[in-house]
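Here are a few exercises to try with a structure on your screen. Have a go at each task before you read its solution.

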Amino acid sequence: MKTMLVTGGAGFIGSNFVKHILGKYDNYRLVNLDALTYAGNLENLKEIEEGQKYRFIKGGIADRELVERIFEEENIDYVVNFAAESHVDRSIEDPEIFIKTNVMGTQVLLDVAKKNWVTGKDEFGYPVYRDGVKYLQVSTDEVYGTLGKEGMFKETTPLAPNSPYSASKASADMIVRAYNETFKMPMNITRCSNNYGPYQFPEKLIPLMIANCLNEKELPVYGDGMQIRDWLHVKDHCVAIDTVLHTGKSGEIYNVGGNNEKANIEIVKLIIKTLGKSERLIKYVKDRLGHDRRYAIENTKITTELGWEPSYTFEQGMKETIEWYLENQKWMDNVTSGEYKEYYEKMYNK
Ligand code: NAD
Ligand code: TYD
């Protein structure tokens with residue numbers, strides 16, 4: 001039995017990943033550490049039972065005492081760090097929590113893992129680690145900054161993050177990299193493109209547009225709507241992380257992309273069409289500050305070296321995603337009550 005510490009496992013991608021791992025493997029105990037911020041929701045995991053294979057712990061990754069206690073109580077072999085403040089617009093309003101969680105939290109996880117995993121030193125003084133341990137940092141293509149009409153992000157593209165969110169993720173990547181260089185920490189970093197699928201919090205483009213369409217509310221498109229993102233189904237992303245964790249070469253960074261570039265306005269129109277609504281709902285609003293124009297991922301490293309590739313077409317993925325939101329309107333109502341209502345008023349009715 002191996003034990004995996006998953007952080008942020010009550011969020012969008014994390015909850016999909018918890019279900020992926022527990023559904024696929026019999027030989028894992030999974031410990032989920034999540035602070036349950038506005039984005040974390042235990043309802044996302046309601047079918048998972050606490051027991052020998054699964055334990056939930058409410059708390060923050062920057063809480064060193066708590067993380068130390070978890071490592072004392074559990075024999076952790078893998079850390080998969082999803083926990084983060086993840087929304088660019090919120091990082092523009094209030095950057096500080098992004099640094100605390102995304103940067104400081106990552107450093108605490110690395111440090112406690114190192115303390116627990118090191119068994120001695122080699123002849124040069126570098127730490128030696130227990131067999132079979134690894135730290136995986138879930139990062140983003142946004143660390144590379146923005147592209148013009150041509151080109152794609154490679155793993156070797158220099159980091160040039162533009163928002164407080166992406167700057168915090170790039171900082172975390174740098175710290176993970178430094179732990180590998182200086183302390184030989186066994187690690188991987190994955191940098192994926194925009195995810196979509198079930199359980200995504202409706203502050204993000206796709207679920208926000210679905211929710212507003214269903215409620216006949218205006219669809220706020222930033223600027224000219226021609227910004228381009230590469231879209232990846234969350235289930236494909238979970239398989240990619242599983243693949244990198246188990247077969248990725250330690251110390252390596254892997255880009256994860258869906259080969260699926262779309263302009264925002266195309267997506268909004270697709271959602272309108274699928275739900276049988278009118279394009280009159282579209283409202284072009286003031287652009288996001290520092291808005292990245294285009295993201296595109298070159299993913300040949302993970303496809304050729306590790307044999308992963310996306311399985312969803314965007315058409316199929318979007319069809320299933322829209323159906324999921326239609327069938328789970330209660331989930332949507334629950335997560336959009338309270339704090340989210342205030343956030344929406346503040347951001348969109350300025
Ligand atoms: P999310 O906002 O849906 O979930 C984040 C989760 O982390 C929540 O459950 C939240 O409660 C938890 N959390 C926040 N602060 C915490 C803390 N201090 N300690 C413990 N838990 C904490 O985010 P997501 O979309 O699922 O993204 C997961 C990861 O993937 C993030 O690291 C994000 O940067 C990265 N990522 C996301 C996307 C995307 O399109 N969603 C794309 C690329 C990379
Ligand atoms: P988002 O889902 O916030 O992801 P990210 O900024 O991490 O790529 O936004 C995706 C794109 O959609 C981005 O170009 C901003 C745009 N967008 C809108 O036009 N309107 C909105 O209300 C939101 C939330 C996003």
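**Exercise 1.** How far does a polar side-chain atom of Lys-169 lie from an oxygen atom of ligand 1? Then build up a picture of the pocket.

*Solution.* Keep in mind that this is a predicted model.

Step 1. Start with Lys-169: a polar atom of its side chain sits 2.7 Å from an oxygen atom of ligand 1.

Step 2. Look for other polar contacts. The side chain of Ser-86 has an N or O atom 2.6 Å from a ligand 1 oxygen, and Asn-195 brings a backbone N or O atom to 2.8 Å from an oxygen of ligand 1.

Step 3. Check the cover. Ligand 1 on its own has 840 Å² of accessible area, and the protein covers 95% of that.

Step 4. Find who builds the shell. Two or more residues each come from α1 (12–24), β7 (134–140), α5 (164–183) and β9, and β7 gives the most, with three. Sorted by class, the shell holds 13 nonpolar, 13 polar and two charged residues.

**Exercise 2.** Which residues come nearest to ligand 2? Work out how the protein holds its oxygen atoms in polar contact.

*Solution.* Step 1. Out of 19 residues around ligand 2, the nearest are Glu-142, Arg-229, Arg-288, His-291 and Tyr-348.

Step 2. Pick Arg-229: an N or O atom of its side chain is 2.7 Å from an oxygen of ligand 2.

Step 3. Now try the backbone. Leu-205 has a backbone N or O atom 2.9 Å from a ligand 2 oxygen, and Tyr-222 has a backbone N or O atom 2.9 Å from one too.

Step 4. Finish with the cover: ligand 2 taken alone exposes 510 Å², of which the protein buries 97%. Its shell counts nine nonpolar, five polar and five charged residues.

**Exercise 3.** In what order do the three strands of the open sheet stand, and why is one side of β9 left without a neighbour in the sheet?

*Solution.* Step 1. Read across the sheet: the order is β9-β11-β13, with mixed pairing.

Step 2. Look at the edges. β9 (194–196) and β13 (261–263) have a single partner strand each, so one side of each has no neighbour in the sheet. From one strand to the next, the twist averages 50°.

Step 3. Zoom in on one pair. β9 runs parallel to β11 (residues 228–233), with three bridges between them; Tyr-196 has His-233 in β11 as its bridge partner.

Step 4. Add the helix: α10 (residues 314–327) lies across β9, β11 and β13, at about 50° to β9.

Technical notes. Residues numbered from 1 in each chain as written. Chains lettered and ligands numbered in written order. Predicted model: local features only at pLDDT ≥ 70, side-chain atom pairs only at ≥ 80, totals over all residues. Heavy atoms only, no water. Pairing = 2+ DSSP bridges. Helix = DSSP H or I, 4+ residues; strand = E, 2+ residues; numbered from the N terminus. Axes fitted to C-alpha atoms, helices over the stretch in contact; angles between N-to-C directions. Contact = heavy atoms within 4.5 Å. Near = heavy atom within 4 Å. Polar contact = N/O pair within 3.5 Å; in protein donor to acceptor, adjacent residues only side chain to side chain. Areas by Shrake-Rupley, 256 points an atom, 1.4 Å probe, with all protein chains shown as cover. Nonpolar A, V, L, I, M, F, W, Y, C, P; charged D, E, K, R; others polar.
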